[in-house]
Amino acid sequence: MLPSHAEILAIRTLYWPDEAACAAAAAALAAHRGLRNATIELEGPLGAGKTTFVRHLLRALGVGGRIKSPTFAVLEPYTLADGTAVAHLDFYRFDDPREWEDAGLRDTFAAPGLKLAEWPEKARMLLPRPDLRVRIEPQDDDTRRVVMEALTPRGAELLA
Ligand SMILES: Nc1ncnc2c1ncn2[C@@H]1O[C@H](COP(=O)(O)OP(=O)(O)OP(=O)(O)O)[C@@H](O)[C@H]1O
Ligand SMILES: [Mg+2]
């Protein structure tokens, strides 16, 4: 699953019995200052809860209004009250690298801010090394096992 060059600096396994546990984990992550410049990849099968986690994270960061899944748009941008740019990305339907330029993703990843990417597997060649990789694994009883891997010192700080 992980490319061999992706050295893992820290790892944490969580259990989310319900969506409230997901919301609590998102709120804990939102409290870290370093989050505002982090790149986070969200892995897991269809319906695992990747968008749900992003919604709770954005709410905890003060985003109001509707939070759409970027499945069709690839990118949904937000700006936090302190000016932090947030990019919520979903590469599920991404199959042409030209979209990378067309959707302005080169600029998005060159700029500071928080990047949250669903289905990073579909754009692996283009994506920079993330700070954190979050893998949501739904269990038979609808609970979630969640593995968080830090791939950079910033990512490790987010797990601390
Ligand atoms: N932690 C959770 N516990 C229980 N149910 C959850 C949890 N997270 C999400 N769900 C349920 O799963 C449904 C699908 O979640 P979501 O759309 O977030 O999945 P996704 O991983 O983003 O899927 P996709 O790959 O299609 O983008 C939600 O509508 C919600 O009802
Ligand atoms: Mg989704």
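The following paragraphs lead from the overall fold of this protein to its metal site and to two loop residues. The structure is a predicted model.

The protein contains five helices and seven strands. Read from the N terminus, these elements follow the order β-α-β-α-β-β-α-α-β-β-β-α, so that the chain opens with a strand and ends with a helix. Along the principal axes, the C-alpha atoms occupy a box of roughly 40 × 40 × 30 Å. The radius of gyration is 15 Å, and this agrees with the value near 15 Å expected because a compact globule of 160 residues would have that radius.

The interior and the surface may be considered next. Of the 160 residues, 49% are buried. Among contacts between residues at least 6 apart in sequence, 65% join residues at least 24 apart. The exposed surface of the protein amounts to about 8000 Å², and 53% of this area is supplied by carbon and sulfur atoms. As for charge, there are 20 positive and 23 negative side chains, and the centres of these two sets are 3 Å apart.

Which protein atoms act as donors of the magnesium ion (ligand 2)? They are OG1 of Thr51 and OE of Glu118, at 2.1 to 2.2 Å from the ion. Thr51 belongs to helix 2 (residues 50-60), whereas Glu118 belongs to strand 5 (residues 114-118); the pair therefore ties together parts that are 67 residues apart in sequence. Is each of these donor residues buried or exposed? Thr51 has a relative accessible area of 13% and is therefore buried, the cut-off being under 20%. Glu118 is likewise buried, with a relative accessible area of 3%.

Two loops complete the description. Thr152 is placed in the loop between strand 7 (144-150) and helix 5 (153-159). With a relative accessible area of 14%, Thr152 is buried. Leaving aside residues up to four places away in sequence, Thr152 touches Leu9, Arg129, Pro130 and Asp131.

Pro97 lies in another part of the chain, in the loop between strand 4 (85-90) and helix 3 (98-102). Its relative accessibility is 52%, so Pro97 counts as exposed, for which the cut-off is over 50%. Pro97 and Ala123 are 26 residues apart along the chain, and the separation between their C-alpha atoms is 8.1 Å.

Definitions and conventions. Residues are numbered from 1 along each chain as its sequence is written. Chains are lettered from A and ligands numbered from 1 in the order in which they are written. This is a predicted model: local features need pLDDT of at least 70, side-chain atom pairs count only at pLDDT 80 or more; totals for chains, interfaces and linings use all residues. Side-chain values use heavy atoms; hydrogens and water are left out. Helices (H or I, at least four residues) and strands (E, at least two) are DSSP runs, numbered from the N terminus. The radius of gyration is taken over C-alpha atoms; the globule rule is 2.2 Å times the number of residues to the power 0.38. Buried means under 20% relative accessible area, exposed over 50%, partly exposed in between (1.4 Å probe, protein chains only). Contact means heavy atoms within 4.5 Å. Accessible areas come from the Shrake-Rupley method with a 1.4 Å probe; for residues, only the protein chains shown count as cover. Lys and Arg count as positive and Asp and Glu as negative; His and the chain ends are not counted. The place of a charge is taken as NZ of Lys, CZ of Arg, CG of Asp or CD of Glu. Donors are N, O and S atoms within 2.8 Å of the metal (3.2 Å for Na, K and Ca); water is not among the atoms, so sites may look incomplete.
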